[in-house]
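Got the viewer open? Let's take a walk through this one together, a selection at a time.

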Amino acid sequence: MTRKIIIGSRESRLAVIQSEMVRQYIQRSHPELTVEILTMKTTGDKILNQPLEKIGGKGLFVKELDAALLDGRSDLSVHSLKDVPMELPGELPLIAYSAREDVRDALILPDGVKELDFSKPVGCSSRRRMLQFAQLYPQATFAPIRGNVQTRLKKLDGGEYCATILAAAGLKRLGLEHRISRYFSTEEMIPAAGQGILAVQGRAGEDYSYLEGYSDPAAEACAQAERAFVRALGGNCSTPVAAYARVISDTEPRVVLQADLSADLQADLSGDLPDSFAPSICGQDAACSGKLAVNDSGLLRLRLDVFYFDEATGKSSRDSATGVMDNPAALGEALAGKIKSQLL
């Protein structure tokens, strides 16, 4: 009898494409298996008129998928890692991580528009993105925007906003790279923890040997460092926190990098509109994929760049650190401890 594997997925086009990527991998590696995708609408997909933090956070995007895993309707779930809550039930661990797609955030203008018009707000619901965007464009104002990528683009093209900000990875997977007007370098806008990585979630104790070879060890290490940083700060979907780790070569410095940058980001956002807006393509930083960087002792070496905004004081901190270690989470936790001592 042919064994059937059921992949649980949100029903959005992007989610199905991402689940299909995992389905195809399993099917190629194990043609003796039958692999199907079970789609479902999550609570987070249904409620679009309220901010996520007011209705339960990003956990609402995985609630129904978790239930399907627990009751056996599905065997695994595929998520955008940046949407996975930092705290997970022990019976539903993350079991594999994809190689990282483009990690950057991207600026999207209305279809046919070439310049930013700051007389309209930027459609954005992410405090992380808003705060970093305001450092680049102090004159910007913001209005919330919810929904899948196609819904957001429809609202944008309908004239509600002058621009929106989306993850480049999702746009590329959807074949919408042509809508990108400007990439933000990871120095300009540090991404969300896990951005660009697909996470496969399963049930504890199950046999997932058919996924052997899928998980990218560098992406997994980066994800562990990033998520440990956010988790150590008590971060959730509404917390203005960013973390980007990458494997570095032995030619890069092994020291704590950058002085802390503190700024009152609650200041007045008024300012002169630039004469013109010239979209630019920034060079993509090396992604967390391929061979791991090690030193002579064989320990993993990462660089972690972070951004954190303290709502109580209105101050932000950007910092970076490198570590030679066999426990990536320790790098994130150590940097979080430093941030806490400075701001909290």
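Here is a tour that starts with the whole chain and then visits a few selected spots.

**Stop 1: the whole chain**

Before selecting anything, keep in mind that this is a predicted model. Show the chain as a cartoon and you'll be looking at nine helices and 13 strands. The chain has 344 residues, and 53% of them are buried. Now think about contacts between residues at least 6 apart in sequence: 77% of these join residues at least 24 apart. Keep that in mind as you go, since several stops below bring together residues from separate stretches of the chain.

**Stop 2: helix α5**

Select residues 127–136, which make up helix α5. Is this helix enclosed or open to the outside? Seven of its ten residues are buried, so α5 is largely enclosed by the rest of the structure. To see the buried ones, pick out Arg128, Arg129, Met130, Leu131, Gln132, Phe133 and Ala134. Two arginines are on that list, Arg128 and Arg129.

While Leu131 is still highlighted, add phenylalanine 307, which belongs to strand β12 (residues 300–310). The two residues are 176 apart along the chain, and their C-alpha atoms are separated by 10.0 Å. Phenylalanine 307 has a relative accessibility of 0%, so it counts as buried.

**Stop 3: a pair of rings**

Stay on α5 and show the side chain of phenylalanine 133, then add phenylalanine 184. How are the two rings arranged? They form an edge-to-face pair, 6.0 Å from centre to centre, with 80 degrees between the planes. Phenylalanine 184 is in the loop between β9 (180–183) and β10 (198–201), 51 residues away from its partner, so this pair links distant parts of the chain. Both rings belong to buried residues: relative accessibility is 0% for phenylalanine 133, and phenylalanine 184 has a relative accessible area of 0% as well.

Now widen the selection to Phe118, Phe133, Tyr137, Phe142 and Phe184, which ring pairs link into a cluster. If you feel like hunting for others, the count of aromatic pairs comes to six.

**Stop 4: the loop between β3 and β4**

Next, find the loop between β3 (76–80) and β4 (94–97), and click on leucine 92 there. Buried or exposed? Its relative accessibility is 0%, so leucine 92 counts as buried. Leaving aside residues up to four places away in sequence, leucine 92 touches Asp66, Leu69, Leu70, Gln201, Gly202 and Arg203. Try a distance label to glycine 202: the two are 110 residues apart in sequence, yet 5.5 Å apart in space, C-alpha to C-alpha.

Proline 89 is in this loop too. At 31% relative accessibility, proline 89 counts as partly exposed. Draw another label from there to alanine 204, and you'll get 9.9 Å between C-alpha atoms for residues 115 apart along the chain.

**Stop 5: helices α8 and α9**

For the last stop, select residues 217–232 for helix α8 and residues 328–343 for helix α9. Their axes are 7 Å apart and the helices pack at an angle of about 30 degrees, which makes α8 roughly parallel to α9. The crossing is right-handed.

Which residues make the contact? On the α8 side, show Ala221, Gln224, Ala225, Ala228, Phe229 and Ala232. On the α9 side, show Pro328, Ala329, Gly332, Glu333, Leu335, Ala336, Ile339 and Lys340. Colour these by type and you'll find ten nonpolar, two polar and two charged residues. As you look at the spacing in those lists, it helps to recall that an α-helix has 3.6 residues a turn, so residues three or four places apart point the same way.

Finish with glycine 337, also in helix α9. Glycine 337 counts as partly exposed, at 35% relative accessibility. Add leucine 233, which is 104 residues away along the chain, and the C-alpha atoms turn out to be separated by 8.1 Å.

Notes
Residues are numbered from 1 along each chain as its sequence is written. This is a predicted model: local features need pLDDT of at least 70, side-chain atom pairs count only at pLDDT 80 or more; totals for chains, interfaces and linings use all residues. Side-chain values use heavy atoms; hydrogens and water are left out. Axes are lines fitted to C-alpha atoms, for helices over the stretch in contact, and angles run from 0 to 180 degrees between N-to-C directions. Helices (H or I, at least four residues) and strands (E, at least two) are DSSP runs, numbered from the N terminus. Angles under 35 degrees count as roughly parallel, over 145 as roughly antiparallel, 65 to 115 as roughly perpendicular and the rest as oblique. A crossing is left-handed if the near helix is turned anticlockwise from the far one by less than a right angle, and right-handed if clockwise. Contact means heavy atoms within 4.5 Å. Ala, Val, Leu, Ile, Met, Phe, Trp, Tyr, Cys and Pro count as nonpolar, Asp, Glu, Lys and Arg as charged, and the others, Gly among them, as polar. Rings of Phe, Tyr and Trp (its six-membered ring) pair if their centres lie within 6.5 Å; planes under 30 degrees apart count as stacked, over 60 as edge-to-face and the rest as tilted. Buried means under 20% relative accessible area, exposed over 50%, partly exposed in between (1.4 Å probe, protein chains only).
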